[in-house]
Amino acid sequence: MSSAAVCSGIAAVDAYLDAGYATVPGMSSRFAAAVCAGLMRIQGELGVSGPVAEIGAFEGRFFIALAHALADGEIALGIDLFDWPNPEVIDRFAANCGKHGVPKERRIIWKADSRTMQPAELLAKLDGRPVRFFHVDGEHSRTALAQDLELATAVLAPEGVIVLDDMLHPGYPTLMVAVQEYLVRHPEMCVLCIIDRETIVAATKFVLCRQDWFKRYEEKLLAAYKDNVWPLGADFEPHWCLVLSLDTRLAAIV
Ligand SMILES: C[S@@+](CC[C@H](N)C(=O)[O-])C[C@H]1O[C@@H](n2cnc3c(N)ncnc32)[C@H](O)[C@@H]1O
């Protein structure tokens, strides 16, 4: 299946995915953007509201999709060092948001280092409102991911989700160690689903949520993305979760 066949179910997001997403430089897959914005739609159906935040906003590719999935009155916070590959990246981020229909009142740009950020500082940017959807895509080291995970957890609404980029990526094998250690430190959290890679650049994402929200989200995701469910699921010993993929085949064994 091509990712072009996968939708979020939100007209503004799907229009951006079809006509704008590939034109904005970035590293997240269209498939993951469709499923993540679809998960935001599901949050709305379940009565979950609040802002979104992203560490590693870069030029805005994924951020714009999330911003289009916001409900009225909600806001998206884009955090980045905005120094790579050059200082003008922050201008390109703002220009991409404008070009693809995310108005200034819908977004907060924050040039900052997530490694030294305090939860209270982040919440202050959002007028104290806890985050319902947090995309973590900043520095890809084990230490930095552990810190970003703690930051995201500290500002997360009880019904919120945390999405982690570049999981199981051949170039970042130790990120999985940080996730496993986090899950041991936070038994209230679990992996809701794995969104399989499209390419080595547009890699796999993990979606985390609180254990007490797992079944509600899983049921809705299963219904929305039934054609993308890889039959065997993922084993987090003992927790099992959904694997969503563009390729749902199993190995032929006889
Ligand atoms: C892989 S890019 C993000 C791609 C983007 N999320 C997308 O989906 O297209 C990683 C970004 O993380 C940012 N970054 C790295 N370390 C950071 C830190 N400590 N604090 C904030 N941003 C950081 C980099 O500047 C870079 O723009």
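**Close-up views of a predicted model**

**View 1. Here β2, α4 and β3 form a right-handed β-α-β unit.** The model is a predicted one, and this view looks at how β2 pairs with its partner β3. The two strands run parallel, with five bridges between β2 and strand β3 (residues 107-111). Two of the residue pairs are worth picking out: L77 has I108 of β3 as its bridge partner, and D80 is matched with K111 in β3. The helix of this unit, α4, spans residues 89-99 and has K99 in it.

**View 2. On its other pairing, β2 belongs to a right-handed β-α-β unit with β1 and α3.** β1 and β2 are parallel too, joined by four bridges. Look for I55, whose bridge partner in β2 is I79.

**View 3. What happens to the two faces of β2?** Both are covered: A76, G78 and D80 are buried on one side, and L77 and I79 are buried on the other. That makes five buried residues out of five, so the strand is largely enclosed by the rest of the structure.

**View 4. K99 of helix α4 sits out in the open.** The side chain belongs to a residue with 65% relative accessibility, and K99 counts as exposed because exposed means over 50%. Zoom in on the backbone and you'll also find G20: the C-alpha atoms of K99 and G20 are 9.1 Å apart, although 79 residues separate the two along the chain.

**View 5. Helix α1 (residues 11-19) has a buried side and an exposed one.** V13, D14, Y16 and L17 are its buried residues. Viewed down the axis of α1, they stay within an arc of 160 degrees, so they line one face of the helix. The spacing fits the usual helix geometry: an α-helix has 3.6 residues a turn, so residues three or four places apart point the same way. On the face of α1 turned away from the buried side are the exposed residues A11, D18 and A19.

**View 6. The largest pocket has a volume of about 620 Å³.** Its lining takes in 33 residues, with G56, D80, D137, G138 and E139 lying nearest the centre. Elements that give two or more residues to this lining are β1 (52-55), α3 (61-68), β2 (76-80) and β5 (156-167). Sorted by class, the lining of the largest pocket comes out as 14 nonpolar, eight polar and 11 charged residues. D80, one of the residues nearest the pocket centre, is also one of the buried residues of β2.

**View 7. The second largest pocket holds about 180 Å³ of space.** Thirteen residues line this second pocket, and L183, M189, Q211, F236 and H239 are the closest to its centre. At least two lining residues come from each of α7 (175-185) and β6 (189-195). The lining of the second largest pocket is made up of eight nonpolar residues, four polar and one charged.

**View 8. The largest cavity has a volume of about 60 Å³.** How many cavities of 30 Å³ or more are there? The count comes to one. Among the residues lining the largest cavity are V136, H140, L145, D148, L164 and L175. D137, G138 and E139 are in the cavity lining as well, and those three also lie among the residues nearest the centre of the largest pocket. Both α6 (142-155) and β5 supply at least two lining residues, with β5 giving the most, at three. By class, the cavity lining has five nonpolar, two polar and four charged residues.

Technical notes: Residues are numbered from 1 along each chain as its sequence is written. This is a predicted model: local features need pLDDT of at least 70, side-chain atom pairs count only at pLDDT 80 or more; totals for chains, interfaces and linings use all residues. Side-chain values use heavy atoms; hydrogens and water are left out. On a 1 Å grid over the protein atoms alone, a cavity is a set of points where a 1.4 Å probe fits but cannot get out, and a pocket is an open set with protein on both sides within 12 Å along at least five of seven lines; lining residues have an atom within 4 Å of a point. Grid points are joined across faces, edges and corners, and a volume is the space filled by probe spheres set on the points. Ala, Val, Leu, Ile, Met, Phe, Trp, Tyr, Cys and Pro count as nonpolar, Asp, Glu, Lys and Arg as charged, and the others, Gly among them, as polar. Buried means under 20% relative accessible area, exposed over 50%, partly exposed in between (1.4 Å probe, protein chains only). Two strands pair if DSSP finds at least two bridges between them. A crossover is right-handed if, with the strands pointing away from the viewer, the path from the first strand over the helix to the second runs clockwise. The arc is that of the directions from the helix axis to the C-beta atoms.
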